[in-house]
Amino acid sequence: MAYIPPHKRQTKGSLSLEPTPVPESLIPNFRKNLNIKSFGNQKIKEKNFRPRNVAYSNDAVCKCFSVGLADESRFSSLVTLQPVSVESFELKSGQKPHSLFLTQGCSEGTYDLIDMPWLFVAANVKEDLLLSFQHMKREMEEAYMAQVKPSVVARFGKVLFYGISSTCEESIKTNSLTENTLREMRRSFHTDVPTTYMNYIENRVVEKLSLEYVQQNELYYVELSDKLRPESTVSCKCIVAIDQKKIELYKIELNKVRHMVADMSCLGKSSDLRLILYTKKIKMALSDEEINEIKDLIGSAILDSEVQGGLRWPFGKDSSGGRYVVIATGHTTSKSYKNTSIRFKLRHADRFDFRASNGEVTQEIFLKMPGIISQLRKQTFDERLVFELLEDNLKLIWDHCLLDGSSS
């Protein structure tokens with residue numbers, strides 16, 4: 001039987017707003033998991049959740065949890081926290097990061113791991129996601145929907161724990177890892193993935209899912225601080241001019257605002273996941289004078305493949321008379337593939353942060369979920385349908401994108 005997307009399925013009788021029920025065999029573990037092994041489900045103001053230079057809405061929620069164990073009471077005996085090598089992270093933070101791994105002998109196909117982890121994830125994020133939808137919808141209505149672009153995105157990478165206290169070190173040494181130990185540590189999501197994984201997604205997953213090739217893009221990014229709007233970052237997307245010697249302004253956006261972030265340590269898999277709901281303003285009320293000021297600043301940039309971020313400015317020219325100042329640059333090349341409900345983006349990025357005086361080169365994979373966003377944009381959206389779309393997208397990720405691995 002051919003696959004039918006949720007938004008095209010026919011149902012008998014009136015539509016129910018209740019989510020798709022979890023199979024009875026999974027209910028006991030779901031209830032236990034949802035209450036125990038979440039390392040954080042708090043407002044973003046909590047210090048361990050606030051990344052630098054990232055904007056969050058007032059009602060934003062950031063949570064972190066493990067996915068995979070059938071019996072969370074065995075967390076301490078089946079999961080270890082081990083150091084991982086992430087050179088760019090260590091250079092920036094000066095600390096050695098750690099990640100969660102299964103112990104030897106614990107693997108898929110045993111009674112140790114849950115059969116359908118995507119259902120657990122969907123149930124765990126549902127309440128926060130729908131509440132964030134409501135908050136975001138109000139923001140869009142206040143700012144006129146055409147000016148605000150919402151996105152639901154899954155990113156692939158690694159959940160990193162760092163800032164280990166003496167208590168944490170003792171827990172690691174004695175192999176008595178607990179959720180309290182993890183809550184005491186700071187967290188970050190590292191989005192750089194190995195070349196082999198990029199190739200696997202592009203050559204195997206894209207073909208298996210019969211995704212349509214969309215386009216290949218090369219963009220330069222210039223982030224500006226604005227002294228008249230200190231709470232916002234102006235993000236300029238730029239393209240290479242025809243003469244290939246300069247960049248020119250393509251689009252101006254305000255920085256992304258995150259409404260929900262869920263980081264998942266996917267036990268038994270080679271990659272972890274981050275699920276993000278965010279908005280960005282794609283139309284700004286700028287005067288001709290302001291736009292020309294930004295264009296002049298962009299026009300004075302020099303293309304230079306030898307510097308991180310790919311751009312540099314003549315001495316003293318990285319500001320526009322004091323109002324706009326360059327704070328970060330980036331050079332990206334990306335390929336996109338899609339069907340009606342998802343869109344994969346595979347991106348190579350070279351970035352430099354002028355404030356921290358450091359940069360990094362990364363390979364990144366995004367899975368955007370436009371099918372869910374199309375429901376959000378409706379005057380009233382069907383919660384049940386949104387939940388079905390989320391379940392289907394997460395199942396696709398587990399079935400095709402997450403490779404086995406990550407045992408110690």
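## Helix α8 and its two sides

A residue is called buried here when its relative accessible area is under 20%, and exposed when that area is over 50%. In this predicted model, the residues of helix α8 that meet the first of these criteria are Glu290, Ile294, Leu297 and Ile298. Viewed down the helix axis, these buried residues fall within an arc of 100°, so they line one face of α8. On the other side of the helix, Asp288, Glu289 and Asp296 are exposed.

Helix α8 covers residues 288–299, and its 12 residues reach 16 Å from the first C-alpha to the last, which is close to the 16 Å expected at 1.5 Å a residue. The partners of its buried residues are strands: they pack against β7 (212–226), β8 (233–240), β9 (247–254) and β14 (324–338).

## Nonpolar cores

In soluble globular proteins, nonpolar side chains tend to be buried together. The largest nonpolar core of this model has 55 residues, and those with the most contacts inside it are Phe133, Phe156, Leu275, Phe344, Ile397 and Trp398. Helix α4 (residues 117–142) supplies the largest share of this core, namely 11 residues.

Leaving aside residues up to four places away in sequence, isoleucine 397 touches Ala154, Phe156, Leu273, Leu367, Met369 and Leu402. Another core, of 17 residues, lies apart from the largest one and includes Val222, Cys236, Leu311 and Val326.

## Serine 336 in strand β14

Serine 336 is found in strand β14, and with a relative accessibility of 2% it counts as buried. Not counting residues up to four places away in sequence, serine 336 touches Glu212, Tyr213, Val214, Gln215, Arg343, Phe344 and Lys345.

## Cysteines without disulfides

With a disulfide taken as a pair of cysteine sulfur atoms within 2.5 Å, the count for this model comes to zero. Cysteine 62 is accordingly in no disulfide, the nearest cysteine sulfur being that of cysteine 64, 7.5 Å away; at 5% relative accessibility, cysteine 62 counts as buried. Cysteine 236 is likewise in no disulfide, and the nearest cysteine sulfur to it, that of cysteine 238, is 5.8 Å away. Cysteine 236 is buried, with a relative accessible area of 0%.

Cysteine 64 lies in strand β2 (residues 55–67) and counts as buried at 1% relative accessibility. Although cysteine 64 and serine 265 are 201 residues apart in sequence, their C-alpha atoms are 7.8 Å apart in space.

Definitions and conventions: Residues numbered from 1 in each chain as written. Predicted model: local features only at pLDDT ≥ 70, side-chain atom pairs only at ≥ 80, totals over all residues. Heavy atoms only, no water. Helix = DSSP H or I, 4+ residues; strand = E, 2+ residues; numbered from the N terminus. Expected span 1.5 Å × (residues − 1). Buried < 20%, exposed > 50% of the residue type's maximum accessible area, 1.4 Å probe, protein only. Arc of directions from axis to C-beta. Contact = heavy atoms within 4.5 Å. Core = buried A, V, L, I, M, F, W, Y, C linked by side-chain atoms within 4.5 Å.
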